[in-house]
Amino acid sequence: MKKNIALGVIALIAVLVVVFGRDLLDLYRLQTYITTSTEAYQAERGNWPHLTDACTGCHGSHGNSLNPTYPSLAGQPAAYLSAQLRNFASGQRLAPNMGPLAMTLSPDEVDLLAKFYARQSVVAHAAVSPDEGLKDQGKQLVQTRGCTACHGAQLMGHDTFPRLAAQGQDYLLAQLNAFASSERIEPSGAMQAMAAALSAQERQAIAAYLAALVPQSR
């Protein structure tokens, strides 16, 4: 009797494998893909809910913003990102959206976000000025004002100095204007002095040139 039951079970399994074998294999492959993808995602961004999910709406997938008003975070030095998040949290740097968000982050979360975005690849910005004359003027201004001394030869940033290359044009202009009016400050005062010495048109030219740069390796 037991032998007959065992044979029946084996026969049933064989029939199921024949009938549903392909579907079962596909289901197994899907489950394996979901598991490995989840593990990779958690290894990169931490446990769900992911901190970076709150950043994607403004700063784009993997930190490459499609909106020139919002900064791209990809490839920014981790030290710079950490410092800015702390500045937002303390009120030293003002932004309606970033201040409340930064205040909720623990030091470990700040570190996680900064390191995550620092290792992302930078994508050239699509929304750039078509005015070649304006960009040429911006290039000359960047070269004569010594921007590479702090921001690096390729303007990709390092340490606490941000990447300027391939950053959003509107964002760059807004920051230059904020430095010029002392709405935004940095401890050495160099950015305030440099931006204030520029005309509004020159600030536009610099922003246009920097936004159009093709990102390079540091």
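**Helix packing and two odd phi angles**

In this predicted model, helix 3 (residues 78–90) packs against helix 5 (residues 107–118) at an angle of about 140°, and their axes lie 8 Å apart.

**Exercise 1.** Work out which word describes how helix 3 lies relative to helix 5: roughly parallel, roughly antiparallel, roughly perpendicular or oblique.

*Solution.*
- Step 1: Start with the angle, which is about 140°.
- Step 2: Check the cut-offs. Roughly antiparallel needs over 145 degrees, and roughly perpendicular covers 65 to 115.
- Step 3: Neither label fits, so helix 3 is oblique to helix 5.
- Step 4: Add the handedness: helix 3 and helix 5 cross in a right-handed way.

**Exercise 2.** Find the residues that make the contact between helix 3 and helix 5, and sort them by type.

*Solution.*
- Step 1: On helix 3, pick out A78, L81, S82 and L85.
- Step 2: On helix 5, pick out V110, L113, A114, K115, Y117 and A118.
- Step 3: Now sort the contact residues: you get eight nonpolar, one polar and one charged.

**Exercise 3.** Compare the settings of L155 and S182: is each one buried, partly exposed or exposed?

*Solution.*
- Step 1: Recall that most residues other than glycine have a negative phi.
- Step 2: L155 isn't a glycine, yet its phi is positive, at about 60°. S182, also not a glycine, has a positive phi near 65°.
- Step 3: Locate them. L155 sits in the loop between helix 7 (148–151) and helix 8 (169–180), while S182 is in the loop between helix 8 and helix 9 (190–196).
- Step 4: Buried means under 20% relative accessible area. L155 has 4%, so L155 is buried. S182 has 45%, which makes S182 partly exposed.

How values were computed
Residues are numbered from 1 along each chain as its sequence is written. This is a predicted model: local features need pLDDT of at least 70, side-chain atom pairs count only at pLDDT 80 or more; totals for chains, interfaces and linings use all residues. Side-chain values use heavy atoms; hydrogens and water are left out. Axes are lines fitted to C-alpha atoms, for helices over the stretch in contact, and angles run from 0 to 180 degrees between N-to-C directions. Helices (H or I, at least four residues) and strands (E, at least two) are DSSP runs, numbered from the N terminus. Angles under 35 degrees count as roughly parallel, over 145 as roughly antiparallel, 65 to 115 as roughly perpendicular and the rest as oblique. A crossing is left-handed if the near helix is turned anticlockwise from the far one by less than a right angle, and right-handed if clockwise. Contact means heavy atoms within 4.5 Å. Ala, Val, Leu, Ile, Met, Phe, Trp, Tyr, Cys and Pro count as nonpolar, Asp, Glu, Lys and Arg as charged, and the others, Gly among them, as polar. Buried means under 20% relative accessible area, exposed over 50%, partly exposed in between (1.4 Å probe, protein chains only).
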